[in-house]
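Here is a friendly walk through one protein model, written for someone who thinks at the bench. Please keep the structure open beside the text as you read.

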Amino acid sequence: MQPVGAAETWDIPAIESTGALAEWLGLNPSQLRWLADLKGLGCKKAGAKLWHYHYRILAKSYGSIRLIEAPKPRLKELQRQILTQILEKVPPHSAAHGFIKGRSIKTFVAPHLGQRVILRMDLQDFFPSFRAARIQAFFRTLGYPESVAELLGGICTNATPRDAWKEAIAEVDPLPLSEARILYARPHLPQGAPTSPALANLCTYRVDCRLSGLARSAGAEYTRYADDLAFSGSADLEKHIDRFSTHVAAVLMEEGFAVHFRKTRVMRRGVRQHLAGIVVNQHPNVIRADFDRIKATLANCARLGPESQNRDGTSHFRAHLEGRVSFVEMINPNKGRRLRALFDRIQWQ
C-alpha cells in the first residue's frame, strides 16, 4: 500500500490483495466478485431476487425523480463495515456538515446568521453524479491496490437494472423518467446505502477546498450540507453577488457537478433568509408556517386523537411527530417546549 502523504496517519486497515479483502469482509472470492459486480451482471439479470438492492421511485418537485436504492441485508452489512472501519477514519472538509458526527443542520447554518446577503445553490442529481471510477480512485488514494480499490468501489456503487423502473408511479413524467434511466444505468453512489453519504463528502473534498478559497477571496462564508451550498457575506459580497455566483457555478461544473439553477436563491437582509428549512436572519428559527402547521396537528391529536390527523397513513406516526418536535427543540428551544407540552397531552393507544 502506498497512500498519499496525508493518508499515512489515518488508522485504516491494510488490505493488500483481493484475497485479503475477501477475508476481511468474511467472504470467499466468488462471493466478493458477485457482490462487487464489476461486470454489471446484476444490472442485466431479470428478476428482483438476483438484484442486490430494493428500489423505490419518488417524484420530486420541478418534475425530477429520486430513486431510493436500499441494499439488501448482506450487502448492507458489508457497506457498514467499510463505513465504520475505513471511511469514518478519514477526516472530511470543515465546510461539510451533512451526515458527519458532531455536525448538523444547525452547524451548517451557524456561519450565515445575520449576514447582509446569502447565496443558496443546489446540486442536481447529487449521489448519481459520483461515478464508480471516482469512488475507485478515492480508495486508490487511501493506498489500496487497484484490484482492491475496484472491488471496494464495486461494493459501494450500483448500476440500476432497467426492470427496476417498471414500478414507476403514475405521477412521473415520461421525459424525466427516460433521462433517469440513462443516468442511473451507469455505476454510481446509490442513495440509500450506508456508505454513500460519507463517500460523497470525501469525494467532494477538492470542491470544498476550491469553494472555501473562493469564498475567502470574496470575504464570504461557505458551508455545504450534502447537495445544499450556502455562501454569505457583507455589503461587498452583495454588490458582486451575481458575478460571484457565476464563479461558483463554473467551479462546480469543472468538477463534474450540475447546478440546479432553478433552485438558486439570493436572499438579502430585507427578506426572509432561510437555509434547509431554518430562518437565519438574526438567530436560528423555524419557518412560521411550518411551526403553525405542526402546532395545529399536535393540538388536534390531543383533542381528537392521533388517528384523526394521520391522513396520509404514515407508519410510526408517533415517531414521525416526535421527530418533528425534536427538530423544533433543536432550533428554537422555547418554541420546542410549547410543542413538547402539546405532544405529551396526546393519548396514544
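The buried residues of helix 7 pack against helix 1 (18-25), helix 2 (29-36), strand 1, helix 4 (73-85), helix 6 (132-141) and helix 9 (196-203). Helices here are DSSP runs of H or I with at least four residues, strands are runs of E with at least two, and both are numbered from the N terminus. This is a predicted model, in which local features need pLDDT of at least 70 and side-chain atom pairs count only at pLDDT 80 or more, while totals for chains, interfaces and linings use all residues. Residues are numbered from 1 along each chain as its sequence is written, and side-chain values use heavy atoms, with hydrogens and water left out.

Of the 11 residues of helix 7, 8 are buried; among them are Val148, Leu151 and Gly154. Buried means under 20% relative accessible area, exposed means over 50%, and partly exposed lies in between (1.4 Å probe, protein chains only). Glycine 154 belongs to helix 7 (residues 146-156) and has a relative accessible area of 3%, which makes this glycine buried. Which residues does glycine 154 contact, leaving aside its neighbours within four places in sequence? They are Leu35, Ala36 and Leu38, where contact means heavy atoms within 4.5 Å. The C-alpha atoms of glycine 154 and leucine 38 are 5.8 Å apart, although 116 residues separate the two along the chain.

**Strands and their partners**

Strand 3 (residues 117-124) is largely enclosed by the rest of the structure, because 7 of its 8 residues are buried. Strand 3 pairs antiparallel with strand 5 (residues 228-233) over 6 bridges; two strands count as paired if DSSP finds at least two bridges between them. Within that pairing, methionine 121 has leucine 229 as its bridge partner. Strand 3 also runs antiparallel to strand 7 (residues 265-268), with 4 bridges, and there arginine 120 stands opposite arginine 265. A further 2 bridges join strand 3 to strand 6, again antiparallel, with glutamine 124 partnering alanine 258.

Strand 5 has another antiparallel pairing, over 5 bridges, with strand 4 (residues 221-225). Here leucine 229 stands opposite arginine 224. The hairpin of strand 4 and strand 5 has 2 residues between the strands, and alanine 226 takes a positive phi near 55° in this hairpin.

Elsewhere, an open sheet of 3 strands follows the order 8-9-10 with antiparallel pairing. Its edge strands, each pairing on one side only, are strand 8 (274-275) and strand 10 (285-286). Strand 9 (residues 278-279) meets strand 10 over 2 bridges, and valine 279 is matched with asparagine 285.

**Charged pairs**

A salt bridge is counted when a side-chain nitrogen of Lys or Arg is within 4 Å of a carboxyl oxygen of Asp or Glu. By this rule there are 12 salt bridges. Three of these pairs are listed here.

| Pair | Closest N to O |
|---|---|
| Arginine 74 and glutamate 77 | 3.5 Å |
| Arginine 206 and glutamate 255 | 3.0 Å |
| Glutamate 329 and arginine 340 | 3.0 Å |

Arginine 74 and glutamate 77 are 3 residues apart in helix 4, so about one helical turn separates them. Arginine 74 is partly exposed at 34% relative accessible area, and glutamate 77 is partly exposed at 49%.

In the salt bridge between arginine 206 and glutamate 255, distant parts of the chain are linked: arginine 206 is in helix 10 and glutamate 255 in the loop between helix 12 and strand 6, 49 residues apart. Is each partner buried or exposed? Arginine 206 counts as exposed at 54% relative accessibility, whereas glutamate 255 counts as buried at 9%. The side chain of glutamate 255 also makes a polar contact of 2.9 Å with that of arginine 210. A polar contact is a pair of N or O atoms within 3.5 Å; within protein, one must be able to donate a hydrogen and the other to accept it, and residues adjacent in sequence count only if both atoms are side-chain atoms. A network of salt bridges links Arg206, Arg210, Glu254 and Glu255.

The salt bridge of glutamate 329 with arginine 340 joins helix 14 (residues 317-331) to helix 15 (residues 333-344), so parts that are 11 residues apart in sequence are tied together. Glutamate 329 is partly exposed at 26%, while arginine 340 is buried at 18%.
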